Amino acid sequence: MIGIFKGLATTLSTFARRPVTIKYPDEKHVLPVRQRSFPVLTWDFDHDEPFCTGCNVCVRNCPVDCMTATMQDNPNYAAGTSDRRKIVEKFWIDYARCMRCNICVEVCPFEAIVMDNNWTGHEHSTYDRLDLHMDIDDLLRPSKSGELTVPFRPQDRIEYIERLERGEELPELTFKGARPEARQAQFERLARGEEAAIRLREPEKPKAPAAAAGAPGAAAAAQQLLTDAEGKPLSEKKIRAKRMKAERAAKEAQDAGESIPDDVLQMLIATNSEMAPAEARQAAAGAPGAAAAPSKVLTDAEGNPLSERKIRAKRMKAEREAKEAQDAGEPIPQDVMEILVATGSEMAPPEARQAAAPAAAPAATSPLLTDAEGNPLSERKVRAKRMKAEREAKGAQDAGEPIPQDVMEILVATGSEMAPPEARQAAAAAAPAAAPAPQLTDAEGNPLSERKIRARRMKAERAAKEHLARGEEIPADVRETIEMTGGTVPDSAD
Ligand code: SF4
Ligand code: SF4
């Protein structure tokens, strides 16, 4: 009896209580201060362009590798309406992979990326994970439309509220762009018939025609500039320093309305600077030993070869798409496969990659890349060799000494980025057309991912050891799998 009354008392006490639930999505709770949804890009209303320069700092720091960004020359800089020389061209974030860690926001040097702290930032339900790949338009929309509240960087907001609670003077907002006031100011400028962007300088004068560009012998002269006093090729670091110096000198000449001096122009061409005329760079690239014309996939709309960074971004995007197709059990689309092959991705079939490499006259394999019996080393061993040589070269450079000749030879043979570009190109051109490597594919003929190849190798190595432990011969198929996956056939069960 007492139990019944106790139960009734509990029922009556909750009966009169206000419900704790609300009718989402018509009603919404106020989001907590420290909450964060997903990263978005901010819009600079003063200059009518994104804050992001595509510098890739956030991309490199993202722990789950879900971002891709590319950079381009900023047309507004030449027009004098922006002080950003470079600007983001494309940007993707895969929200399905993002873990909302806020690292990209913290590392961005331009405050160009923030966490969307609104409900709209959370409401991304879709039927297809692919719809969670956000491109630059998706990422800029919340800022451009004024949906982002202020201040919206979590660290700003927290400090603001903590000081408010303590009754202290509120911090001055250091980051003033992309806020509703900035957007309003832009509207007012437009209403007054002014331009959206604030004009900072006079528009740049058109580039002076390059007299020396494409002149006979220009390529050879350009190559000569990249050697030291003893005729040895310069390191990449020195070439970059030379290029930057030449770009500064060229910029000063352009700002003064003068033509670029001949020696500076030669250096721009030799170092493949984007300030050099495209045709001259191509002529320099066509110097003896240079690689063949790049695949169409690796050129921009004007036919100029893409920069290494853009090729990497292209490869990463294609690899993600190929991975998604594989995960969905579908074959890799033809256009994606073409990019994988052209960019030398490890997801492309090895023989297609070899075929895409510049055709070269048959030559002997570098003895540096063969074992004691003259057989070519596996990819894994070549990589290990390259990494060891790079460590030694780095040690020599740090000690202010030249890179030893034998180490330099390995750097060149293994295609290391520490080897001078022209030496690498020459080595690539001399590389033999290797016999097609056996392809590792799944049941449907799609190339296996690196992870699967590693798993296959480990399984085969385990099986080989088990056979040896039982005193049996290693079966031929197990031996073959180990060799195909780049493993080492064990000679004992230990
Ligand atoms: S929040 Fe973290 S996981 Fe998401 S994009 Fe930024 S760095 Fe990557
Ligand atoms: S968001 Fe920031 S860190 Fe990332 S690419 Fe743009 S400017 Fe660089």
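Q: What makes a residue one of the 14 around ligand 1, and which come nearest?
A: The test for being near is a C-beta atom, placed from the backbone, within 6 Å of the molecule. There are 14 residues around ligand 1, and Cys62, Cys98, Cys101, Ile103 and Cys104 come nearest. This is a predicted model, where local features need pLDDT of at least 70 and side-chain atom pairs count only at pLDDT 80 or more, while totals for chains, interfaces and linings use all residues. As for labels, residues are numbered from 1 along each chain as its sequence is written, and chains are lettered from A and ligands numbered from 1 in the order in which they are written.

Q: What classes make up the shell around ligand 1?
A: It's 12 nonpolar residues, one polar and one charged. Ala, Val, Leu, Ile, Met, Phe, Trp, Tyr, Cys and Pro go in the nonpolar bin, Asp, Glu, Lys and Arg in the charged one, and the others, Gly among them, in the polar one. Cysteine and isoleucine are on the nonpolar list, so the nearest five fall in that class.

Q: Which residues come nearest to ligand 2, and what does its shell look like by class?
A: Ligand 2 has 13 residues around it, with Cys52, Cys55, Val57, Cys58 and Cys108 nearest. Its shell has 10 nonpolar and three polar residues, and no charged ones.

Q: Why is α13 called oblique to α14?
A: Helix α13 (residues 308–327) and helix α14 (residues 334–342) pack at about 135°, with axes 9 Å apart. Axes here are lines fitted to C-alpha atoms over the stretch in contact, and angles run from 0 to 180 degrees between N-to-C directions. Under 35 degrees is roughly parallel, over 145 roughly antiparallel, 65 to 115 roughly perpendicular, and the rest oblique. The angle of about 135° therefore makes α13 oblique to α14.

Q: What is the hand of the α13 and α14 crossing, and which residues meet there?
A: The crossing is left-handed, a label for a near helix turned anticlockwise from the far one by less than a right angle (clockwise would be right-handed). Lys314, Ala318, Glu319, Glu321 and Ala322 in α13 meet Val336, Ile339 and Leu340 in α14. Contact here calls for C-beta atoms, placed from the backbone, within 7 Å. By class, that contact has five nonpolar, no polar and three charged residues.

Q: Why are α16 and α17 described as oblique to each other?
A: The axes of helix α16 (residues 379–398) and helix α17 (residues 405–413) come within 9 Å and cross at roughly 135°. That angle sits in none of the named ranges, so oblique is what's left. The crossing is left-handed. Lys385, Ala389, Glu390, Glu392 and Ala393 of α16 meet Val407, Ile410 and Leu411 of α17, which gives five nonpolar, no polar and three charged residues.

Q: What makes the span of α7 close to the expected one?
A: The expected span is 1.5 Å times one less than the number of residues. Helix α7 (residues 154–166) has 13 residues and reaches 18 Å from first C-alpha to last, close to the 18 Å expected.

Q: Why do a positive phi and a cis peptide bond deserve a mention?
A: Because most residues other than glycine have a negative phi, and most peptide bonds are trans. Aspartate 65 has a positive phi of about 55° although it is not a glycine, and it lies in the loop between α2 (57–61) and β4 (67–73). The peptide bond from tyrosine 24 to proline 25 is cis, with omega near 5°. Proline 25 lies in the loop between α1 (2–15) and β1 (39–41).

Note on methods. Helices (H or I, at least four residues) and strands (E, at least two) are DSSP runs, numbered from the N terminus. Two residues are in contact if their C-beta atoms, placed from the backbone, lie within 7 Å.
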